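Let's take a walk through a protein fold together. Have the sequence and the 3D view ready, and turn the view around as you read.

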Amino acid sequence: MRSEKTSELFCGGIDRCRRDFIKGAAAFSAMAAGGCLTKSAKKSFYGSTIRDRLWMWGHHPDMCSESNFDSKNKSWKWNGPSVDQAQGCRMMGIANNCVIRWGNKPAHPWGDYFEQFRSLRRFTLGITDGGNGTVWDKVEWAVNELKPSFPNFTGGFLDDFFIVKSYTQNTADLAKIADRLHENDLRLSIVVYSDQDGIKPDYKKYLDLCDETSFWCWRSNNLGKHESMVRRMRDLIGGEKSLLMGVYMWDYTLGAPVSPKLMEMQLEFAGRLLREKVITGLIFHPSYSAALDVPSVNLAKKWIRENGEVVVS
């Protein structure tokens with residue numbers, strides 16, 4: 001394991017990546033011990049360190065204007081800088097990004113928007129999301145456009161799968177989606193919420209078709225119950241499947257950052273769940289908040305700096 005700070009990322013040349021780094025950005029590890037890319041969750045996909053298992057939940061920076069969309073405070077306006085997805089990753093010290101098109105940004109065809117992700121270790125695409133195109137369009141864009149052009153493109157993400165009924169696929173179609181991705185050496189991941197979806201036995205037949213489950217707590221005032229819910233989700237999906245815990249830095253129900261007390265609690269039990277191997281990794285949300293000078297973001301950056309090189313497998 002390398003512990004020295006470096007601006008080298010998984011893809012792209014070192015010199016180019018150094019030029020891309022903004023002043024004061026958190027440095028990346030070289031992460032030389034990365035896992036092999038495979039469609040099988042039983043083989044090593046992630047490397048041994050916590051940093052290799054960290055993701056950003058990436059939204060177009062313009063969507064910061066909608067960061068109170070579930071809040072009663074409709075007069076609120078974003079008060080601070082906003083950054084695009086790859087830059088947000090660099091500022092956080094995270095080398096993996098989930099590209100989720102909210103508000104149809106970027107719209108397909110997306111031009112050179114995805115070029116920013118060449119410097120990252122991995123990135124994925126939302127195949128149920130708020131962007132144009134059907135789920136099958138997005139699967140084909142993943143297979144035919146992104147996979148051939150980006151060696152670090154690793155799969156598709158089913159966002160809001162159970163909450164938004166138009167996103168929910170039946171098991172037969174979901175199996176076809178999984179097969180289409182797997183035959184192209186891509187993975188399928190899915191979103192579940194502890195306090196919006198809950199944990200229902202019927203979900204298992206869907207989660208079994210996915211390589212990875214990401215588990216989230218939508219309302220920060222429910223975080224006190226979330227650790228036990230994560231453990232229950234692990235029991236549901238079994239010990240072999242990858243389980244990522246979502247970490248909100250921003251509470252969309254309040255239109256405000258997660259409070260320092262709740263953020264500290266969330267990070268504390270996230271570390272415990274990682275050490276105990278209950279979870280495989282974390283997803284920090286949202287990417288465009290990475291430039292904010294607020295406690296929740298600063299606490300997350302500090303936690304990543306202090307724990308990124310810790311070996312968990």
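We'll go from the strands to the helices, and finish with the cysteines. Keep in mind that this is a predicted model.

Start with the strands. Strands of a sheet pair through backbone hydrogen bonds, either parallel or antiparallel. Here, eight strands close up into a barrel, and the pairing is parallel. Follow them around and you get the order 1-2-3-4-5-6-7-10. On average, neighbouring strands of this sheet are turned by 30 degrees against each other, ignoring direction. For one example, look at strand 4 (residues 153–158) and strand 5 (residues 187–193), which four bridges hold side by side. Glycine 156 has leucine 188 in strand 5 as its bridge partner.

Now for the helices. Helix 3 packs on the sheet, where it touches strand 3 (122–128) and strand 4. The direction of helix 3 makes about 155 degrees with that of strand 3.

Helix 3 (residues 135–149) also packs against helix 4 (residues 171–182), with the axes 10 Å apart and at an angle of about 10 degrees. Because angles under 35 degrees count as roughly parallel, that's what we call this pair. Among the residues making the contact are Trp136 and Val139 of helix 3 and Ile177 and Leu181 of helix 4. The contact residues split into six nonpolar, one polar and four charged.

Last stop: how many disulfides does the structure hold? Zero. Take cysteine 98: the closest cysteine sulfur, in cysteine 89, is 8.8 Å from its own, so that's too far for a bond. Cysteine 98 is also buried, with a relative accessible area of 0%.

Methods:
Residues are numbered from 1 along each chain as its sequence is written. This is a predicted model: local features need pLDDT of at least 70, side-chain atom pairs count only at pLDDT 80 or more; totals for chains, interfaces and linings use all residues. Side-chain values use heavy atoms; hydrogens and water are left out. Axes are lines fitted to C-alpha atoms, for helices over the stretch in contact, and angles run from 0 to 180 degrees between N-to-C directions. Helices (H or I, at least four residues) and strands (E, at least two) are DSSP runs, numbered from the N terminus. Angles under 35 degrees count as roughly parallel, over 145 as roughly antiparallel, 65 to 115 as roughly perpendicular and the rest as oblique. Contact means heavy atoms within 4.5 Å. Ala, Val, Leu, Ile, Met, Phe, Trp, Tyr, Cys and Pro count as nonpolar, Asp, Glu, Lys and Arg as charged, and the others, Gly among them, as polar. A disulfide is a pair of cysteine sulfur atoms within 2.5 Å. Buried means under 20% relative accessible area, exposed over 50%, partly exposed in between (1.4 Å probe, protein chains only). Two strands pair if DSSP finds at least two bridges between them.
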